[in-house]
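Please open the model in your viewer and keep the selection tool at hand. The tour starts with the whole chain and then moves from site to site.

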Amino acid sequence: MGYTREVYQEAEEKMERRRIYNEQQLEKRRNLLFQRSPRAEQITYELAHTSILAARAVFEGAEAKTEIAKLKLQNQSLQKELKEILSKFGFPDNYLEEWHKCEKCGDTGNIDGKMCTCMKTLLRETAYERLNRISPLSLSDFDDFSLDYYSKIPVAEGRPSPYEMMSRVLAFCRKYAYDFSVASHSMIFQGGPGLGKTHLSLAIAKNAIDKGYGVIYVSAPAILSKLENERFSGKSNTENTEQIIMECDLLIIDDLGTEFTTKFSVSAIYNIINSRTIASKPTIISTNLSIAELQEKYSIRTISRIIGMLDRVEFVGSDIRQQKRRERKTVRNYNG
Ligand SMILES: [Zn+2]
């Protein structure tokens, strides 16, 4: 897949930082060892010296064979001694070599002129990060989700309380995140504002990222306007946002319905969900709107087709953000 020049540049910089880090770590290890064992420092110096001598002997040609054989023996015995020192301190044999994040390419990003898989992964991650930056959403945890804000009083006779219902939603989302795979089903989180939809979808995102999946979380207005810009400015070939959001392992679209609805945005939303469903890739959508409000915004046919592809998860209760604001006010008043 093609990426923009900025993505390549950012990924190259990250790779460069990896190499610098490797060098610094090696320097640290060397210093630590040489502090403990001056003999190890001496051996390292002698080893470097013998290889220079070996190179010189070849060029001079005079009795080169015997000379090289002698140096080889010398070299072997030094290596052996160094190994023994390392093992005495409990250090591994490769302690004085550079350690790489990717052993295949030694963190160069290339193998015989071909791009290494680690560089491909880095490019993909970088493209995702850049896309995730367009919506100001930060990842959250399940543990920070408090059920205290949900009433234990049933909304109607014989119906469960918001507290009970949200306990189930929380457990369901935890399990979804725990079992998450590219085969997970798609969902729509529905309910009024401030009921924790964004919180739980970002907690799922965090878990999926921790498991190594490529996750994109964006707000509907941000992603739709980006797609629209790319489509109509003819930049779609370089930016590739559409392809990136189609290919990611989990796509989270927050706040569906708050975007400015155009013919383009309606068909874009439908296409995203439809293409990802066909490719069996999970999508999570959250919206403050009811089915009737969605139908009004997008058309009954589009919404029923979209809803048909998603499992509905209902969020209930009263706006937590407002409750928290009220609490803060009360505390302030109480404190004078
Ligand atoms: Zn590599």
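Colour the chain by secondary structure, and the predicted model resolves into 13 helices and seven strands. Turn it along its principal axes, where the C-alpha trace spans about 100 × 55 × 40 Å. The radius of gyration of the chain is 30 Å, whereas a compact globule of 336 residues would have one near 20 Å. If you switch to a surface, about 19600 Å² is exposed, with 52% of that area supplied by carbon and sulfur atoms. Of the 336 residues, 41% count as buried. A contact map is a useful companion here, since among contacts between residues at least 6 apart in sequence, 77% join residues at least 24 apart.

Next, select the zinc ion together with its surroundings. Which residues supply its protein donors? They are C102, C105, C116 and C118, each through its SG atom, lying 2.3 Å from the ion. The angles among the four donor atoms run from 101 to 114°, and the site is tetrahedral. For comparison, the ideal angle for four tetrahedral donors is 109.5 degrees. Read along the sequence, the donor residues follow the spacing C-x2-C-x10-C-x1-C. Within this set, pick out the pair C105 and C118, which links distant parts of the chain: C105 sits in the loop between α3 (64-88) and β1 (110-111), while C118 belongs to helix α4 (residues 117-132), 13 residues apart. Both C105 and C118 are buried.

From that loop, step back to α3 and display its C-alpha atoms. The end C-alpha atoms of α3 are 36 Å apart, and this agrees with expectation because 25 residues at 1.5 Å a residue should span 36 Å. Show the side chains of A64, L71, L78, L82, I85 and L86, which are buried positions in this helix.

Now move just past the end of α3. F89 is found in the loop between α3 and β1, and it counts as partly exposed because its relative accessible area is 23%, which lies between the limits of 20% and 50%. Leaving out residues up to four places away in sequence, F89 touches L33, R36 and S37. Draw a distance from F89 to R36, and the C-alpha atoms are 8.8 Å apart although the two residues are separated by 53 places in sequence. G90, also just after α3, takes a positive phi of about 75°.

Two further backbone positions deserve a look, neither of them a glycine. Select D255 in strand β5 (residues 250-256), where phi is positive at about 60°. D255 is partly exposed, with a relative accessibility of 27%. Then go to S299, in the loop between α11 (291-298) and α12 (300-308), whose phi is positive at about 105°. S299 is likewise partly exposed, at 30% relative accessibility.

End the tour at Q190, in strand β3 (residues 187-190). Is this residue buried or exposed? Q190 is buried, because its relative accessible area is 4%, under the 20% limit. To see what surrounds Q190, show its contacts beyond four places in sequence: K197, T287, L289, S290, I291, L294, R312, V313, E314 and F315.

Note on methods:
Residues are numbered from 1 along each chain as its sequence is written. This is a predicted model: local features need pLDDT of at least 70, side-chain atom pairs count only at pLDDT 80 or more; totals for chains, interfaces and linings use all residues. Side-chain values use heavy atoms; hydrogens and water are left out. Donors are N, O and S atoms within 2.8 Å of the metal (3.2 Å for Na, K and Ca); water is not among the atoms, so sites may look incomplete. Four donors count as tetrahedral if all angles lie between 85 and 135 degrees; four count as square planar and six as octahedral if opposite donors are over 155 degrees apart and all others between 65 and 115; anything else is irregular. Helices (H or I, at least four residues) and strands (E, at least two) are DSSP runs, numbered from the N terminus. Buried means under 20% relative accessible area, exposed over 50%, partly exposed in between (1.4 Å probe, protein chains only). The expected span of a helix is 1.5 Å times one less than its number of residues. The radius of gyration is taken over C-alpha atoms; the globule rule is 2.2 Å times the number of residues to the power 0.38. Contact means heavy atoms within 4.5 Å. Accessible areas come from the Shrake-Rupley method with a 1.4 Å probe; for residues, only the protein chains shown count as cover.
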